Amino acid sequence: MQNIDLICVGKLNAAYYAAGVAEYRKRLGGFCNFRIIELPEATIADKNASEKQIARALQKEGEAILSVVRKGAWLVALCVEGKQISSEELAGLLADRAGSGAGDVAFAIGSSHGLDDAVKRAANQRISLGRITLPHQLARLVLTEQLYRACTINAGMKYHK
C-alpha cells in the first residue's frame with residue numbers, strides 16, 4: 001500500500017478543521033498508509049517581525065520538514081507559486097508514483113508565513129490549491145479531501161463527479 005504523508009507546520013486549533021481532517025484521514029485508510037506529521041511553528045517573539053526574523057523562522061521550520069520526509073519520497077510543496085492542478089491530475093500524480101516502484105509521496109504545508117525556499121528547492125513538484133489565499137489550517141483540510149478524492153478516482157469510485 002502506498003505511503004502518503006502530509007507534513008504540516010502548526011496545529012489545527014479549530015474543532016471544525018480537525019473534524020474534517022479526521023474524517024478524510026479515516027477514509028484514506030482504505031486506500032493508502034496515510035499519516036499526518038505536525039511540526040511546531042517556529043516562535044517569533046515580535047508581532048511586528050522583520051523579514052529577517054521571519055526568514056529565520058522559516059529556515060527552522062524548513063529544516064524540520066526536510067528531516068521527516070521519508071527517504072526516496074516524492075516531495076510536493078504546497079505554495080502560492082506552485083502549479084494549479086485538477087483533481088484528476090492529483091490522482092494521476094499518486095497513480096504514477098504508486099506505479100513507479102517508489103510510491104511514497106510527502107506533501108508539505110508551511111506555517112502562516114509559508115514554506116522556506118529550501119523546501120521548495122528540495123521538492124520534486126510544487127502545487128497550488130488556487131490563486132486565493134487559504135489559512136494553512138484550511139489548506140490542510142482541502143488537501144486531505146483532495147487526496148481522498150484522488151484515491152477514489154484511481155479506484156474508479158463514484159465520489160468524484
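**Entry 1: strand β1 and its partners**

I looked first at the pairing of β1 with β2 in this predicted model: the two strands run parallel and are joined by seven bridges. For one position of this pairing I noted the partner: V9 is bridged to L39 in β2.

I then turned to the pairing of β1 with β4. Strand β1 covers residues 3-9 and strand β4 residues 105-109; five bridges join them, and they too run parallel. Here I recorded that I7 stands opposite A108 in β4.

I next checked how far β1 is covered. Seven of its seven residues are buried. In a regular strand the side chains alternate between the two faces of the sheet. I therefore listed the two sides of β1 separately, with buried taken as under 20% relative accessible area. N3, D5, I7 and V9 lie on one side, I4, L6 and C8 on the other, and all are buried, which leaves both faces of β1 covered.

**Entry 2: the sheet as a whole**

I traced the strand order of the open sheet and obtained β2-β1-β4-β3-β5, five strands with parallel pairing. The edges are held by β2 (33-39) and β5 (125-128); each has a single partner strand, so one side of each has no neighbour in the sheet. With direction ignored, neighbouring strands are turned against each other by 30° on average.

I also looked up what packs on this sheet. Helix α2, residues 51-68, does so, and it touches β1, β2, β3 (74-84) and β4. The direction of α2 makes about 155° with that of β2.

**Entry 3: α2 and the loop after it**

Within helix α2 I selected A64. Its relative accessibility is 25%, so I entered A64 as partly exposed. For a long-range distance I took A64 and Y148: the two are 84 residues apart in sequence, and their C-alpha atoms are 26 Å apart.

V69 belongs to the loop between α2 and β3. I listed its contacts, leaving out residues up to four places away in sequence, and found I7, L75 and A106. One of these, I7, is the β1 residue that stands opposite A108. I also took the C-alpha distance from V69 to C8, which is 11 Å over a sequence separation of 61 residues.

**Entry 4: L93 in α3**

I placed L93 in helix α3, which comprises residues 87-99. At 8% relative accessibility L93 counts as buried. Which residues does L93 contact beyond its neighbours within four places in sequence? I found W74, V76, V105 and Q125. The C-alpha atoms of L93 and A150 are 9.0 Å apart, although 57 residues separate the two along the chain.

**Entry 5: the annotated binding site**

I consulted the UniProt record, an unreviewed entry, for annotated positions. Its "binding site" annotation covers L78, G110, L129, G130, R131, I132, T133 and L134. I compared these with the lining of the largest pocket, which includes L78, G110, L129, G130, I132, T133 and L134.

I examined three of the annotated residues in turn.

- L129 lies in the loop between β5 and α5. Its relative accessible area is 34%, and I entered L129 as partly exposed. Leaving aside neighbours within four places in sequence, L129 is in contact with L78, L134, A139 and V142; L78 and L134 are themselves among the annotated residues. The C-alpha atoms of L129 and I54 are separated by 23 Å, with their positions 75 residues apart along the chain.
- I132 is also placed in the loop between β5 and α5. Is I132 buried or exposed? I found it exposed, at 63% relative accessible area.
- T133 is located in the loop between β5 and α5 as well. With a relative accessible area of 77%, T133 is exposed.

**Entry 6: helix α5**

The helix that follows this loop, α5, covers residues 136-155. I tested its length. At 1.5 Å a residue, its 20 residues should span 28 Å; the end C-alpha atoms of α5 are 28 Å apart, so the two values agree.

I then recorded the burial of α5: the helix is mostly covered, as 15 of its 20 residues are buried. Finally I looked at the residue that follows α5. This is G156, and its phi is positive, near 75°.

Methods. Residues numbered from 1 in each chain as written. Predicted model: local features only at pLDDT ≥ 70, side-chain atom pairs only at ≥ 80, totals over all residues. Heavy atoms only, no water. Pairing = 2+ DSSP bridges. Helix = DSSP H or I, 4+ residues; strand = E, 2+ residues; numbered from the N terminus. Axes fitted to C-alpha atoms, helices over the stretch in contact; angles between N-to-C directions. Contact = heavy atoms within 4.5 Å. UniProt positions renumbered as here; feature names shortened; annotations may be inferred. 1 Å grid on protein atoms, 1.4 Å probe; cavity = no way out; pocket = protein on both sides within 12 Å on 5 of 7 lines; lining within 4 Å. Buried < 20%, exposed > 50% of the residue type's maximum accessible area, 1.4 Å probe, protein only. Expected span 1.5 Å × (residues − 1).
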